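Q: Could you walk me through the pockets here, and then through how the helices pack?

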Amino acid sequence: FIQDRKVDSKNLVPQLKAITKSTPQAKIYVRGDQRIHYGAVMQLMSQLQAAGFQHVGLVASHVNAKKS
């Protein structure tokens with residue numbers, strides 16, 4: 001996804017480059033939920049860095065722990 005729009009994985013980098021006008025300083029934030037494997041997130045982040053994006057970050061959301 002880019003924002004709320006589903007994007008095929010093979011089109012992700014080209015679309016991000018178009019959106020950012022191929023600016024290496026653009027900040028790219030990766031967000032995942034519990035359904036995605038950690039390795040897939042790391043692979044995506046590596047792919048983005050290899051494509052020239054210098055500022056790739058991971059967004060984490062706060063999860064409230066249940067008290068028993």
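**Pockets and helix packing**

Q: Before the details, what kind of model is this, and what about the second largest pocket, how much space lies in it?
A: This is a predicted model, and about 240 Å³ of space lies in its second largest pocket.

Q: Which residues lie nearest the centre of that second largest pocket?
A: The second largest pocket is lined by 11 residues, and those nearest its centre are Gly32, Asp33, Gln34, Val59 and Ala60. Two elements, α2 and β2 (55-59), each give two or more residues to that lining.

Q: And how does that lining divide by class?
A: The lining of the second largest pocket has seven nonpolar residues, three polar ones and one charged one.

Q: OK, now the largest pocket: what is its volume, and how many residues line it?
A: The largest pocket has a volume of about 1000 Å³, and its lining is made up of 28 residues, with Phe1, Ile2, Tyr29, Val30 and Arg31 lying nearest the centre.

Q: Which elements supply at least two residues of that lining?
A: Those elements are α1 (9-20), β1 (27-31) and α2 (38-50), and the largest share, six residues, comes from α2.

Q: What about the classes in the lining of the largest pocket?
A: Of the residues lining the largest pocket, 15 are nonpolar, six are polar and seven are charged.

Q: Switching topic, at what angle do α1 and α2 pack, and how far apart are their axes?
A: The two helices, α1 and α2, pack at an angle of about 40°, and their axes are 11 Å apart.

Q: Why are they called oblique?
A: Angles under 35 degrees count as roughly parallel and 65 to 115 as roughly perpendicular, whereas the angle between α1 and α2 is about 40°, so α1 and α2 are oblique to each other.

Q: Left-handed or right-handed crossing?
A: The crossing of α1 and α2 is right-handed.

Q: Which residues make the contact?
A: On the α1 side the contact is made by Ser9, Leu12, Val13 and Leu16, while α2 contributes Leu44, Gln47 and Leu48. By class, the contact of α1 with α2 has five nonpolar residues and two polar ones, with no charged residues.

Terms used:
Residues numbered from 1 in each chain as written. Predicted model: local features only at pLDDT ≥ 70, side-chain atom pairs only at ≥ 80, totals over all residues. Heavy atoms only, no water. 1 Å grid on protein atoms, 1.4 Å probe; cavity = no way out; pocket = protein on both sides within 12 Å on 5 of 7 lines; lining within 4 Å. Points joined across faces, edges and corners; volume = space filled by probe spheres on them. Helix = DSSP H or I, 4+ residues; strand = E, 2+ residues; numbered from the N terminus. Nonpolar A, V, L, I, M, F, W, Y, C, P; charged D, E, K, R; others polar. Axes fitted to C-alpha atoms, helices over the stretch in contact; angles between N-to-C directions. Parallel < 35°, antiparallel > 145°, perpendicular 65-115°, else oblique. Left-handed = near helix turned anticlockwise from the far one by under 90°. Contact = heavy atoms within 4.5 Å.
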